[in-house]
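Please open the model in your viewer and keep the sequence panel beside it. The stops below each begin with a selection.

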Amino acid sequence: MVRIGTRGSLLARTQAETVRSALTAAGVTTELVVVTTAGDKSIAPVREIGVGVFTTALRDALADKTIDVAVHSYKDLPTAEDSRFVIAAIPPREDARDALVARDGLVLGELPAGSTVGTSAPRRVAQLRALGLGLDVRPLRGNLDTRIGKVASGELDAVVVARAGLARIGRLEVVTEALEPVQFLPAPAQGALAVECRGDDDHLAAVIATLDDEHSRVAVVAERALLAELEAGCTAPVGATAEVVESIDEDGRIFDELSVRGVAAAIDGSDTIRASAVGKPSDADALGRSVARELLDLGARELVDVTEPSTPNVSKGESTDA
């Protein structure tokens, strides 16, 4: 019996169920085990509670063999590797874009100045303010139903959440606009799952590895390398996206390239710095770090290190970037 650990929210359990179903289809006997994390217990914003707030308890359960596999939203994992564990699979990634859920079916550019938009992710706060639309950005945590419910109730005019989460729980009908990376970059590894097991469990790691998606892995490696090179955590005002794209050489031959884009933004929206690079998928880590170094050369350190006071009056639930 392989015990698969997950947080207890609907989104987390749905994500873990996709992994459980795939392993079951491969002939593995499995069960889900719900693990309560610090992020589930606290009402404070994630950047106040600390790095790993949604993942440490799952890793502790792996270490003490309460569970055999942990399923994480990859963006919630600390950038520093933990030698006790291995990310045995990154399954095919969901659409990484952020999504707007707004009243009256409005898109972002149609929201009047002064409209209230809910999000507590510094990355989203900074990019929303940088658009110069005069929006009133409000703190927000809670599970996805709680967040989108604040729009339905009229408490907020809109919220920004990860499209991937809504896709996984079957709520895409509430999306009024998918925010394109050209104006709004998602969190590094957004939409990707990390399926983790103990590093010394070679047999189980090999079984889980059958779920791995090569393109998803190289994209996540590049985005996480960018974040690590910036020495920024998952709550920093940093966005990144990478994707494998087809290119054609001068002889007409088709080959894969990895495109990487990154942004660092001032939390008050006063400045944004962007950089990009294209290279071989096999150079994913180096590409991500090269984009980060360009951001740093352009002054990203000052933006990443500055945060604003946060408001603790938020609900328990998903990570700020869900």
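## Stop one: a helix pair

Select residues 214–229 and 284–297: these are helix α9 and helix α10, which pack at an angle of about 35 degrees with their axes 7 Å apart. Note before going on that the model is predicted. The crossing of the two helices, α9 and α10, is right-handed.

Now show side chains at the contact. From α9, the residues to display are Val218, Val221, Ala222, Ala225, Leu226, Ala228 and Glu229. They meet Ala284, Asp285, Gly288, Arg289, Val291, Ala292, Arg293, Leu295 and Leu296 of α10. Coloured by class, the α9–α10 contact shows eleven nonpolar residues, four charged ones and one polar one.

## Stop two: the N-terminal strand and its partners

Select residues 2–6, strand β1. Four of the five residues in this strand are buried, so β1 is mostly covered. Add residues 30–34, strand β2: β1 and β2 run parallel and are joined by five bridges. Then add helix α1, residues 10–25, to see the right-handed β-α-β unit that β1, α1 and β2 make.

Next, select residues 69–73, strand β3. The pairing of β1 with β3 is also parallel, and has two bridges. Isoleucine 4 is a useful residue to centre on: its bridge partner in β2 is leucine 32, and its bridge partner in β3 is valine 69.

## Stop three: the five-stranded sheet

Which strands form the open sheet, and in what order? Reading across, the five are β7-β6-β8-β5-β9, and their pairing is mixed. At the edges lie β7 (136–138) and β9 (177–179), each of which pairs on one side only. Neighbouring strands here are turned against each other by 30 degrees on average, with direction ignored.

Select residues 98–102 and 158–162, strands β5 and β8. They run antiparallel, with five bridges between them. Label alanine 102 and alanine 158, which are bridge partners across this pair.

Two helices on the sheet come next. Residues 122–130 are helix α5, which packs on the sheet and touches β5, β6 (116–118), β7 and β8. The direction of α5 makes about 130 degrees with that of β8. Helix α6, residues 144–152, also packs on the sheet, touching β5 and β8, and its direction makes about 155 degrees with that of β8.

## Stop four: helix α5 by itself

Return to α5 and colour by accessibility. Is α5 mostly covered or mostly open to solvent? The helix is mostly covered, with seven of its nine residues buried. The buried residues are Pro122, Arg123, Arg124, Val125, Ala126, Gln127 and Leu128. After α5, select glycine 132, which has a positive phi, near 70 degrees.

## Stop five: valine 101

Centre on valine 101, which lies in strand β5. Why does valine 101 count as buried? Its relative accessibility is 5%, and the cut-off for buried is under 20%.

Leaving out residues up to four places away in sequence, valine 101 touches Ile148, Val151, Asp157, Ala158, Val159, Val161, Leu166, Val174, Val175 and Thr176. Among these, Ala158 is the residue already labelled as the bridge partner of alanine 102. Finally, draw a distance from valine 101 to glutamate 177: the C-alpha atoms are 7.1 Å apart, while the two residues are 76 apart in sequence.

Technical notes: Residues numbered from 1 in each chain as written. Predicted model: local features only at pLDDT ≥ 70, side-chain atom pairs only at ≥ 80, totals over all residues. Heavy atoms only, no water. Buried < 20%, exposed > 50% of the residue type's maximum accessible area, 1.4 Å probe, protein only. Pairing = 2+ DSSP bridges. Right-handed = clockwise from strand over helix to strand, strands pointing away. Axes fitted to C-alpha atoms, helices over the stretch in contact; angles between N-to-C directions. Contact = heavy atoms within 4.5 Å. Left-handed = near helix turned anticlockwise from the far one by under 90°. Nonpolar A, V, L, I, M, F, W, Y, C, P; charged D, E, K, R; others polar.
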